[in-house]
Amino acid sequence: MPKLVLFDIDGTLVLTGGAGLRAMNRACAEVVGTPAGLSAAAPTEALNGIPVAGRTDWIILHDTLARMGIALDGELLGRIRERYVTHLRDEILQPGKGFNGTLPGVGDLLDALQPRDDVFLGLLTGNFKDGARIKLERFDLWRYFRCGAYGDDAPDRNALVPVALERANACGLPAIEPDDVIVVGDTPHDVACAHAVGAVAVGVATGGFTADELRACGASVVFDTLEDVEGFDRLLGVRP
């Protein structure tokens, strides 16, 4: 049976030097203003203390606005998302802080997987779809993925694997069992969303969590980086 391999983005494929966080803070400040008690001159404080790693943009915004006493409805979500995407196009070009680029081994691994007729590559990310595209196109990675599930699709990341599978089926992937779906990510949330549907959770310790932490939360396989193309090949099994 073919395998559906779903990749997370931030901390798994790329790091963007905080571009997404800066763009989200700018969007929130622009659309809803500055939270009480924070400086209007420092809109970057808006998301301070809100957990972001491995969570969907939707739920990050929900929690940010809830702290401000604002309910996030569909209309407000759309307005903030539109401003976020606009700001992200600018922020993605800035150097930012920390590493900014494709993570080790990613290009070689995707080059190795893309030609295989027993592998279907997709995305599973908390990023809004337009944000995911901006981040991946910046590093010439968007072209590897035919479809995916995104932070627009549900606030709960655990709901995203079925969405990604349905879209992959619509793009030509035959019907497969849940254990033929592999979710690759750098956080416990990636592991949890795989477990939620019986998929295989693969951790990669290139984000904010160590290999031991990813094993402890239930990842079936953990790579220090995605440079281990042979190890990934063994995970997928023999080529047909």
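This passage describes strand pairing, burial and charged contacts in a predicted model.

The account begins with strand β4, which spans residues 119–124. This strand is mostly covered, as 6 of its 6 residues are buried. Its side chains fall into two sets: V119, L121 and L123 point one way from the strand, while F120, G122 and L124 point the other way. Every residue in both sets is buried. Strand β4 is paired with strand β1, which comprises residues 3–7. The two strands run parallel and are joined by 5 bridges. Within this pairing, V119 of β4 has K3 opposite it.

Strand β4 also pairs with strand β5, formed by residues 148–149. This pairing is again in the parallel sense and extends over 2 bridges. Here L123 of β4 stands opposite G148 of β5. Helix α5, covering residues 129–138, belongs with these two strands to a β-α-β unit, and the unit is right-handed.

A second group of strands is arranged around β7, which consists of residues 200–204. Of the 5 residues in this strand, 4 are buried, so β7 is largely enclosed by the rest of the structure. Strand β6, made up of residues 181–185, pairs with β7 in the parallel sense over 4 bridges. One position in this pairing is V183, whose bridge partner in β7 is A201. Together with helix α7, which covers residues 188–195, strands β6 and β7 make a right-handed β-α-β unit.

Strand β7 is likewise joined to strand β8, residues 221–223, by 3 bridges, and these two strands run parallel. In this case V202 stands opposite V221 of β8. The chain passes from β7 to β8 through helix α8, residues 211–216, in a β-α-β crossover that is right-handed.

Attention now turns to charged side chains. Side chains of opposite charge can pair when their charged atoms come close. A search of the whole structure identified 18 salt bridges. One of them is formed by the side chains of K135 and D10, with an N to O distance of 3.0 Å. K135 is located in helix α5 and D10 in the loop between β1 and β2, so this pair ties together parts of the chain that are 125 residues apart in sequence. The two partners were also assessed for accessibility. K135 is buried, with a relative accessible area of 4%, whereas D10 is partly exposed, with a value of 28%.

Another salt bridge connects the side chains of R26 and E91, at 2.8 Å from N to O. This pair links distant parts of the chain, since R26 lies in helix α1, residues 19–32, and E91 lies in helix α3, residues 74–91, with their positions 65 residues apart in sequence. R26 has a relative accessibility of 29% and counts as partly exposed. E91, at 9%, counts as buried.

A further salt bridge is found within a single helix. E137 pairs with R133, and their closest N and O atoms are 2.7 Å apart. Both residues lie in helix α5, where they are separated by 4 residues, or about one turn of the helix. E137 is partly exposed, with a relative accessible area of 44%, and R133 is also partly exposed, at 40%. Elsewhere, salt bridges that share partners connect R22, R26, D90 and E91 into one network.

The final residue considered is R55, which is found in the loop between α1 and α2. Its relative accessibility is 18%, and because buried residues are those under 20%, R55 counts as buried. The side chain of R55 is joined to that of D63 by a polar contact of 2.6 Å. When residues up to four places away in sequence are not counted, R55 touches I50, I60, D63, G126, R157 and H189. D63 therefore appears both as a polar partner of R55 and among the residues that R55 touches.

Methods:
Residues are numbered from 1 along each chain as its sequence is written. This is a predicted model: local features need pLDDT of at least 70, side-chain atom pairs count only at pLDDT 80 or more; totals for chains, interfaces and linings use all residues. Side-chain values use heavy atoms; hydrogens and water are left out. Buried means under 20% relative accessible area, exposed over 50%, partly exposed in between (1.4 Å probe, protein chains only). Two strands pair if DSSP finds at least two bridges between them. A crossover is right-handed if, with the strands pointing away from the viewer, the path from the first strand over the helix to the second runs clockwise. A salt bridge is a side-chain nitrogen of Lys or Arg within 4 Å of a carboxyl oxygen of Asp or Glu. A polar contact is a pair of N or O atoms within 3.5 Å; within protein, one must be able to donate a hydrogen and the other to accept it, and residues adjacent in sequence count only if both atoms are side-chain atoms. Contact means heavy atoms within 4.5 Å.
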